[in-house]
Amino acid sequence: MKKLPFKVWGLLPAHIIMALTLIIPIGIVIAVSFSTKGAYGGFDFIFTTQAYQKLLFSLGWTGELEFNPQYLIIIGRTLLLALLTTIICLLISFPTAYYIARRPSFQKTLLIYLVTLPFWVSMIVRVYGWLIILGNEGAIEKTLRFAGIAENIDSLLFNNGAMLIGMVYSYVPLMILPIFASIEKLDGSLLEASHDLYGNRITTLWKVIVPLTKPGMMAGAILVFLPCLGTVLEPTLLGGGKNMMMGNLISNQFGASRDWPFGAAIAVLLMSLVLISLTIQGIRAARSERREIV
Amino acid sequence: MSSSTHDVKRYPGIGAFTVLFFAFLYLPIGVIVLYSFNASRLVTVWDGFSLKWYVAALKNHNLINAVQVSLSVAVVATVIATTVALLAALVLVRARNVRYKRMSETIVNLPLLLPEIVLAVAVLIFFSQLGLSNGIVKLMIAHTTFCIPFAFLPIRARLQGMSTDVEEAAADLYATKFTAFRRVTLPLILPGVFSGATLAFVISMDDFITSNLLNSGGATTLPVYIFSLIRQGVTPELNAISTMIIGISLLLAGLAFLFQRRRY
């Protein structure tokens, strides 16, 4: 037998692991999403589109299908919160990244290190911190009461706003890093040129800085938007049972309510949303690259 | 520093904004650390300084058990993922005429492209079909998969930034391929391997989504155990546990930072 060259066997372990634990299992997930729900949880491989029908319809009293928007609302909430998180992260990250990029070298290294530092701390611990801050008798409620601003405030937890704060908090460093990188690359003489041509700060910002740092913003947007679509911890801990997102809806199908085909169907839907976003971003990036060359 | 009111490079107020941003970033961490020293049983009622919750936490057997599960899963996943990623990076950066190079690279990075909850559902269903029931083995396999790209990317970056001259010199001096790798290439890319392994370890220790879905008797990891505590209600002991995790994480982050600076 001929000895396999390194360039072949070196890749084999990674590819075998990915095939066995990822590619084949995802194929099975797609198959399960078209299967029949088992009587005691699990599933039977009998073809049906029931799981996808459940996304839109529920079984009425008389056994016919009735339109039920409950899951559409969860999907809509997921998309909306992911989009809002991305926009808020962008608004927070741009000035912060700009400020950091204009600092002297040592401060720059230190501040960027401080931006990445929370990533070392367990995500669940950081989200738990917000639970204390926003919770009943929590830090914010007490401050408001102490200051006499509000006597009785509704709980700040378990609503869309709490989830939004948690998501912005968790993912904002992923937006700062690429924007910082693109601002740092910015040629200072272009800003001086804008000044020489009587551009004020606003004009310089809109006509020079923003267009030149757009690739960084796009990269940051995709880095924040995609994990937000599949996020589980923030909706589970900060959203409560009434404000679900796709991530914890999927998770629940394999625990409490146990509808595996339905869980698989939402997982397939989530995966499709992510792949569509990645494709759109890929096409946009390729197009702007071509424009730069021309 | 020269500053004129018309300097278009300076935007007033963004310094203050940045300070607020960092306050936001460190607020939850600070709140947990502060309340962990609270003597009162009620989390938000301050009743003097105390270390009793730390003592209680260190005597908690479930906690120690969860730490042991997390550590053993993370060590196994890190060792396998880093080795596999190193081999893949050597082929993808160094070998010539590799067929389907772009596709191979996408396959190695696949766990980064898909939402983790989808991967978790996929391995859950797959393991149930295989009839695999050992909780810890399931976690080790699943963690290895999603750790591979995190180990791969820093190693690849290090290899790409390195010239092949020294390796060619080693070959000219009649070093075998393996000797050249062991004595020349490996020491040079060690910082990349170290970064990759650290990242894989942290990602595995921190994982909640997969570990929670695969959670079964005896295989509860630290984040999943903390989740179960949060579900039972906010307690000062939980704050003490969280503070210890924060302390250890920041210590590791500091060590990694110092190690990197010295190496590069």
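**Interface, spaces and charged pairs in a predicted two-chain model**

Mentor: In this predicted model, chain B and chain A bury about 7,500 Å² between them, with 81% of that area on carbon and sulfur atoms.

Trainee: What makes this a buried area between chain B and chain A?

Mentor: The term refers to accessible area that two parts lose on being put together, summed over both. The value of about 7,500 Å² is therefore a total for chain B and chain A together. Helix α1 (residues 14-36) of chain B gives the largest share of the side of chain B that touches chain A, namely 15 residues. By class, that side of chain B has 62 nonpolar, 18 polar and seven charged residues.

Trainee: How many residues does each chain bring to the contact?

Mentor: Chain B brings 87 residues and chain A brings 86 residues. They count because contact means heavy atoms within 4.5 Å.

Trainee: Which polar contacts and salt bridges are counted between chain B and chain A?

Mentor: Eight residue pairs are in polar contact across the interface, both residues being at pLDDT 80 or more. The count of salt bridges between chain B and chain A is zero.

Trainee: Why is the pair Lys54(A) and Asp259(A) called a salt bridge?

Mentor: The closest N and O atoms of Lys54(A) and Asp259(A) are 2.9 Å apart. The rule asks for a side-chain nitrogen of Lys or Arg within 4 Å of a carboxyl oxygen of Asp or Glu, so the pair qualifies. Lys54(A) lies in helix α3 (residues 50-56) of chain A and Asp259(A) in the loop between α12 (246-253) and α13 (260-293) of chain A, so the pair ties together parts that are 205 residues apart in sequence. Over all chains, the search finds four salt bridges.

Trainee: What makes the space of about 80 Å³ a cavity?

Mentor: A cavity is a set of points where a 1.4 Å probe fits but cannot get out. One cavity of 30 Å³ or more is counted, and the largest cavity has a volume of about 80 Å³. Its lining includes Thr21(A), Leu22(A), Phe146(B) and Thr210(B), and divides into seven nonpolar, three polar and no charged residues.

Trainee: Why is the space of about 930 Å³ called a pocket instead?

Mentor: A pocket is an open set of points with protein on both sides along at least five of seven lines, so the second largest pocket, of about 930 Å³, is classed as open. It is lined by 22 residues, with Phe6(A), Arg94(B), Ala95(B), Glu167(B) and Lys177(B) nearest its centre. The largest share of this lining, five residues, comes from α9(B). The lining of the second largest pocket has 12 nonpolar, three polar and seven charged residues.

Conventions. Residues numbered from 1 in each chain as written. Chains lettered and ligands numbered in written order. Predicted model: local features only at pLDDT ≥ 70, side-chain atom pairs only at ≥ 80, totals over all residues. Heavy atoms only, no water. 1 Å grid on protein atoms, 1.4 Å probe; cavity = no way out; pocket = protein on both sides within 12 Å on 5 of 7 lines; lining within 4 Å. Points joined across faces, edges and corners; volume = space filled by probe spheres on them. Helix = DSSP H or I, 4+ residues; strand = E, 2+ residues; numbered from the N terminus. Nonpolar A, V, L, I, M, F, W, Y, C, P; charged D, E, K, R; others polar. Buried area = accessible area lost by both parts, 1.4 Å probe. Polar contact = N/O pair within 3.5 Å; in protein donor to acceptor, adjacent residues only side chain to side chain.
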